[in-house]
Amino acid sequence: MSSNIKISRICDFCGNAFLARTTVTRFCSKTCNSRFYKKEIRDKKLLKSLEETHEKLKTPKTNDLGSNRPVLNVVETCQLLGISRSTLWRLIKQGRIKTIMIGRRVIIARADIYEFIKL
């Protein structure tokens with residue numbers, strides 16, 4: 001039920017003046033109301049994204065590659081040496097890096113990697 005009063009208001013979204021029928025009306029139309037609501041949702045998502053980014057920047061990156069383990073797999077060895085998988089396999093085939101086979105899995109002793117680096 002609408003009232004008979006008319007109050008001059010300014011729209012919170014577009015800033016245009018309009019006549020409101022209630023004292024709590026904030027927007028001049030449903031379009032302004034919808035656009036304001038969507039903008040609020042978008043701003044909240046953006047703020048959340050920025051907070052997550054700041055949290056990621058605050059936490060230090062740890063690239064220890066399992067520093068407490070005596071053996072590494074192929075991917076970890078490639079990351080540690082900064083080489084590609086094909087280069088690592090070529091070094092293994094040449095016998096410059098020693099490997100251990102456990103079933104079909106290839107592991108490389110950390111000591112063998114350090115020995116290769118010293119050469």
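# Exercises on a predicted model

Phenylalanine 36 is buried, its relative accessible area being 19%. The structure is a predicted model.

**Exercise 1.** Find how many aromatic pairs the structure holds, and state which class the pair of phenylalanine 27 and phenylalanine 36 belongs to.

Solution.
- Step 1. The count of aromatic pairs is 1.
- Step 2. Phenylalanine 27 and phenylalanine 36 make up this pair, with ring centres 5.0 Å apart and planes at 45°.
- Step 3. Planes under 30 degrees apart count as stacked and those over 60 as edge-to-face, so the pair at 45° is tilted.
- Step 4. Phenylalanine 27 has a relative accessible area of 12% and is buried. Phenylalanine 36, at 19%, is buried too.

**Exercise 2.** Describe the salt bridge between arginine 26 and aspartate 12 and say which parts of the chain it ties together.

Solution.
- Step 1. The structure holds 4 salt bridges. In the one between arginine 26 and aspartate 12, the closest N and O atoms are 2.7 Å apart.
- Step 2. Arginine 26 sits in the loop between strand E2 (17-20) and helix H1 (30-58), while aspartate 12 sits in the loop between strand E1 (7-10) and E2, so the bridge ties together parts 14 residues apart in sequence.
- Step 3. Arginine 26 is partly exposed at 38% relative accessible area, and aspartate 12 is partly exposed at 43%.
- Step 4. Threonine 25 is also in the loop between E2 and H1, and is partly exposed at 24%. Its C-alpha atom is 8.6 Å from that of cysteine 11, with 14 residues of separation along the chain.

**Exercise 3.** Work out why arginine 110 has no salt bridge with glutamate 76, and find which backbone oxygen lies 3.1 Å from a polar atom of its side chain.

Solution.
- Step 1. Arginine 110 lies in helix H4 (residues 110-118) and is buried.
- Step 2. Glutamate 76 is the nearest side chain of opposite charge, 6.4 Å away. A salt bridge needs a nitrogen within 4 Å of a carboxyl oxygen, so arginine 110 has none.
- Step 3. The backbone oxygen in question belongs to arginine 69, 3.1 Å from a polar atom of the arginine 110 side chain.
- Step 4. Glutamate 76 does form a salt bridge with arginine 69, at 2.3 Å from N to O. Glutamate 76 is buried at 16% relative accessible area, whereas arginine 69 is partly exposed at 36%.

**Exercise 4.** Locate the salt bridge of glutamate 115 and the nonpolar patch that includes Ile117.

Solution.
- Step 1. The side chain of glutamate 115 meets that of lysine 98 in a salt bridge of 3.8 Å, N to O.
- Step 2. Lysine 98 is in the loop between helix H3 (85-94) and strand E4 (100-102), and glutamate 115 is in helix H4, so the pair links distant parts of the chain, 17 residues apart.
- Step 3. Glutamate 115 is partly exposed, with a relative accessible area of 43%.
- Step 4. Isoleucine 117 is also in helix H4. Together with Leu80 and Tyr114, Ile117 forms a nonpolar patch on the surface, with about 270 Å² of accessible area.

**Exercise 5.** State where serine 34 is found and how far apart serine 34 and phenylalanine 13 are in space.

Solution.
- Step 1. Serine 34 belongs to helix H1.
- Step 2. Serine 34 is partly exposed, at 28% relative accessibility.
- Step 3. From C-alpha to C-alpha, serine 34 and phenylalanine 13 are 9.7 Å apart, with their positions 21 residues apart in sequence.

Conventions. Residues numbered from 1 in each chain as written. Predicted model: local features only at pLDDT ≥ 70, side-chain atom pairs only at ≥ 80, totals over all residues. Heavy atoms only, no water. Helix = DSSP H or I, 4+ residues; strand = E, 2+ residues; numbered from the N terminus. Buried < 20%, exposed > 50% of the residue type's maximum accessible area, 1.4 Å probe, protein only. Lys, Arg positive; Asp, Glu negative; His and termini not counted. Polar contact = N/O pair within 3.5 Å; in protein donor to acceptor, adjacent residues only side chain to side chain. Phe/Tyr/Trp six-rings, centres within 6.5 Å; stacked < 30°, edge-to-face > 60°. Patch = residues over 30% accessible without salt bridge, like charges linked within 9 Å, V, L, I, M, F, W, Y side chains within 5 Å. Areas by Shrake-Rupley, 256 points an atom, 1.4 Å probe, with all protein chains shown as cover.
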